[in-house]
Structures are given as structure tokens and as C-alpha cells.
Amino acid sequence: MIDRPNFLLIYTDQQRYDAVGANGNEAIRTPHTDRLAAEGANFANMFVASPNCMSSRAAFATGRYPHVNGVRWNGMALPRSETTFMQTLAEAGYETALYGKLHLWPHQSRSADDPTFGFGIANIAENLRTHAHSAYREWLAEHYPDYTDDARAVTYDDALQVYVPRLPAEAHFSTWAGDETVRYLESRPREPFFLTMSFVDPHHPFAPPEPYASMYDPRDVPQPAYTPGELDDKPPHFMDGHLGRVDQVIGRAAEREDSAGIPVTRVDLSAVSPASWRRLVAHYYGMVTLIDDQVGRALAALEHAGLADRTIVIFMSDHGELLGDHGLLFKGPHQYDALLRVPTIVRLPGPDARPVTIDGLVEQIDLTATILELAGLTPSRALQGTPVTAALRGAAPAGRESVLVERRDLYWDFDVRTLRTERWKLTHYAGHAFGELFDLQEDPGEIVNRWDDPGCRGVRADLTAALVERMAQAEAPVPERLDIA
Ligand SMILES: [Ca+2]
């Protein structure tokens, strides 16, 4: 293995596991991501620590669970007392560079002086809706001033957030992130480097520019998976979300703002036509393909610059998207695999590159520890993940008996813990009698809730005990003791 390799991290936002061709999706076109998967380790069961931007990103950055690092939901800054792996790499002599989304600090109020959490070169660009400081919007104002307002897309008329922006693909955020990444790689960067190309797509609004907006015929994409009646045995907020009886935090198509100033609206998803769902999926796929084109450009630039044989490439996403499955949209508060399981590929350089599928259950905090190990560093005892380095070469199996997912959902006021094993998924809501229990072997689509099934009492008790054990083990690592008292 190469000593002190470079890294190119490709980080997407809200990309489902199945929104990659190589993961079994025949309708979507992601040839460059597929190539990475064919040449590297493709994780079939990688799970996020919490299915929202900030908690997922902060857990990955620190290698620590949300309740430990403090970022339990969106809107909370990562405490300065926390150490990110980017900081550790920088202290070890890595040049750390970011183009795009970071989101370890609430972005509504971002300023140019906010911490960069270990990125020495930090071209941060977050959500377009806000007026916060953004490297992309500065670039847009300079090169495409006619589209500055359009990129923010303040208004549109479709509550599902499906539309075609006016701006051309070359002015789009995703292209900008690709441009900057290529430029960095062509600039003879100081090595070793950790470079991040970080997108805000395919997060809603579902608004790819042309030609990506019409690249997929809605008749050719899969209809969302929804079984009529499937929400009847779920906690009440599932049906409330489906019927639009509660506020959806959906951003810009706001009817009003909630008490925290967050734009919300109510959308009756049961009334959305099959054609509208398919158009939404077609747009989502278009956004993914636009990103995939940037993946191709970055990989070509790596090779052209002679860096490919000493650079590890990682592709990952911060969480998934319901995309109409189960009659629901966006991010819940539901713990379906569509949200928790994400595409993840690690391609080692040179002779270490080989196609491996890692089927075991892995958490993204395990990837954090793996990155440090690949850089030749020993993960500190503060990190809670387990490296899977040997598995990347196919040299050892990787995987946990279970994954633990947290959700302190402040939009809906739920405190949720999910334990996911290979066969079962149990979701516990603090303070509520309802819950979820799925037998993923018999019911991989997560249709039937076994929580109240008398035949599953024993399983539910066993899984609850296992969840308690995992929660106890996931407490903050004990600090080093200086003396016996
Ligand atoms: Ca996100």
C-alpha cells in the first residue's frame, strides 16, 4: 500500500443507494460512478449515523455518534472542542481542500469567517436559498451574473419542487464543483492532499438544468414503490405525512414559515399522479447524471495529472431520499433503508485497486477511522468507528452485527433510535408506545410492521436488549485517567 496516499472524496447530498447504475439500477445512467465501483470496493450495506445533513456529516467528520459530538440535528454547530479527521490529516502534513458543501455549521447564517473544520483550502458553498456567504455564488456573480437569482430559485409553482431552472448546465453548482476540482488537480497540488468535491445535489428541489432535465423519459424510470394500505400499521405520523396533514419542511415552495422561520408547506402526497411521481424521479436521475459527469471529469483529471496511481477515490452520500417510496417524500421522520443506506465506493490506487463487494453492515463512522488508517495514522481513542481497511483489498470480511442510527428530529420532535441487523430493523421512539419492527428477510420492502405482532414478541424483546447494549457501547469514550483518584 502506498505510503501517505492522496485522497479524492466525492460527497453527494441525498443520493439513495439504488441511484447508482452499478447498484442494480438499470434505468439510471452513472457510467463513471459505475467504473469506480468496478475498480474498487463497493459497500452494499453502508449506513449513515443520522439521516439529515448536519448530523450525518458531523458524525462522518468526527468519527463519533451525533449524541457524542453534539450535532444531533440540523441547525447545530459542530463544537470547536470536536476534532475532525480533516484536522488530523492537516496536522499530519496533508493539504486539505474543499470545493462545495461542508455543512458542519448552520448555513443560514454562514459568514466568510466561520470555522473550516480542518480544510486549509475551503471554498464552501452551501444551500443556495440562503443569503449566506458562498464560493459558488461569488463565482456565479462573476461569470453568470444573469443567473444569480435563478440559481437561488426563490419561487416556483410546484409543491413537489420539480422544475427546470433557467440557468445552463455550465453555470450549475454541480458543474462549478467539477470545474474547481479539475482546476485544483491540474494545478500541481502539494502532496499528499485530501481533496473534497462536495455537491448539494441530488437534494431537492428536483431541478436539473437542461439537457439533464429532459434526459430521462418519465415513462422509462421506475414508479415509486408504494403498497396501498401499507401505512395503516405504522405510527400515525406516516399517514399524516402521506396525506399532507402536517407541515413538510420542503424549503422554497413555502406557504408559510414555522415558528423557527423554516419555510413549510402541506402537500397531499396521496393525490400526486403516477405521471408526476415519474417526472420527479426523472429529474432526480438527471441531477445524479450531472454529478456523474463531474465524477468522470475528476477521474480523467486525476489520470491526466499523473496522480491516479497514488490517490484513493471515495464516493459517498450523506443520506438517502424517500422519492415517493411508501407514499412519502424527502427525509421523513422515517427510518426506511431508502434514507439510511447510501452508496459508498472506495477505490484504492495502483495495484491495490480491485473489485470487491462488501456485503457486511458498515457505519459511516467506520469509514472515518478507515481514512485515517489509510493515511498511515492511528485513529485516536476518541473515535467510535472500526476501520475496514483490510476489507477494501478483499483481504478480510468487514461488518458489524448491527448498525445504530439516531434521529433527534427537531422538525417533528421525535427522539428515535434504530437498530438494523442483517435480518431485522427495530425503531424505538422515546416516550411513545408505537414503534417499528421489520423482518427484512421476509419483507425487504419494509411493508409490514411487526411491532405489535404477538408472534414477534420474542424478537422484539431481543432486539430491544441489543439496542440498549449498542446505545451503552455508543456512549462517549471514557477519557484517559491521570491517576486512580
Ligand atoms: Ca443532506
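How many of the five residues of strand β15 are buried? Five of the five, residues 435–439, are buried, so strand β15 is largely enclosed by the rest of the structure. This is a predicted model, and the report below starts from that strand.

**Strand β15 and its partner**

Both faces of β15 are covered. On one side the buried residues are Gly435, Leu437 and Asp439, and on the other they are Glu436 and Phe438. The strand pairs with β14, residues 424–429, in the antiparallel sense, over five bridges. Within this pairing, Trp424 stands opposite Asp439. The two strands form a hairpin with five residues between them. In its turn, Gly431 has a positive phi of about 85°.

**Helix α11**

Helix α11, residues 364–374, is mostly covered, with 10 of its 11 residues buried. Among the buried residues are Gln364, Asp366 and Thr368, along with Ile365, Leu367 and Leu374. Just after the helix comes Gly376, which takes a positive phi of about 85°.

**The calcium ion**

Which protein residues supply donors to the calcium ion? They are Asp13 (OD), Cys53 (SG), Asp318 (OD, listed twice) and His319 (NE2), at 2.1 to 3.1 Å from the ion. Along the chain these donors follow the spacing D-x39-C-x264-D-H. Cys53 lies in helix α2 (residues 53–62) and Asp318 in the loop between β8 (311–317) and α10 (337–340), so this pair ties together parts that are 265 residues apart in sequence.

Cys53 counts as buried because its relative accessibility of 2% is under the 20% cut-off. Asp318, at 0% relative accessibility, also counts as buried. Another cysteine, Cys456, has a relative accessibility of 9% and is buried as well. A disulfide is a covalent bond between the sulfur atoms of two cysteines. In this model the count of disulfides comes to zero.

**Spaces in the model**

Rolling a probe the size of a water molecule over the atoms shows where empty space is left. The count of cavities of 30 Å³ or more comes to two. The largest cavity holds about 110 Å³ of space. Its lining is made of 13 residues, and those nearest its centre are Tyr11, Phe60, Met86, Leu102 and Phe119. The elements that give two or more residues to this lining are β1 (6–12), α2 and α4 (85–91). Of these, α2 gives the most, with three residues.

There are also open pockets to describe. The second largest pocket has a volume of about 380 Å³. It is lined by 17 residues, and the closest to its centre are Arg16, Asp337, Ala338, Arg341 and Pro444. The table sets out the classes of lining residues for both spaces.

| Space | Nonpolar | Polar | Charged |
|---|---|---|---|
| Largest cavity | 10 residues | one residue | two residues |
| Second largest pocket | seven residues | three residues | seven residues |

**A loop residue**

Where is Val164 found? Val164 is in the loop between α6 (148–152) and α7 (173–185). This residue is partly exposed, with a relative accessible area of 38%. Val164 and Met46 are 118 residues apart along the chain, and their C-alpha atoms are separated by 32 Å.

Notes: Residues are numbered from 1 along each chain as its sequence is written. This is a predicted model: local features need pLDDT of at least 70, side-chain atom pairs count only at pLDDT 80 or more; totals for chains, interfaces and linings use all residues. Side-chain values use heavy atoms; hydrogens and water are left out. Buried means under 20% relative accessible area, exposed over 50%, partly exposed in between (1.4 Å probe, protein chains only). Helices (H or I, at least four residues) and strands (E, at least two) are DSSP runs, numbered from the N terminus. Two strands pair if DSSP finds at least two bridges between them. A disulfide is a pair of cysteine sulfur atoms within 2.5 Å. Donors are N, O and S atoms within 2.8 Å of the metal (3.2 Å for Na, K and Ca); water is not among the atoms, so sites may look incomplete. On a 1 Å grid over the protein atoms alone, a cavity is a set of points where a 1.4 Å probe fits but cannot get out, and a pocket is an open set with protein on both sides within 12 Å along at least five of seven lines; lining residues have an atom within 4 Å of a point. Grid points are joined across faces, edges and corners, and a volume is the space filled by probe spheres set on the points. Ala, Val, Leu, Ile, Met, Phe, Trp, Tyr, Cys and Pro count as nonpolar, Asp, Glu, Lys and Arg as charged, and the others, Gly among them, as polar.
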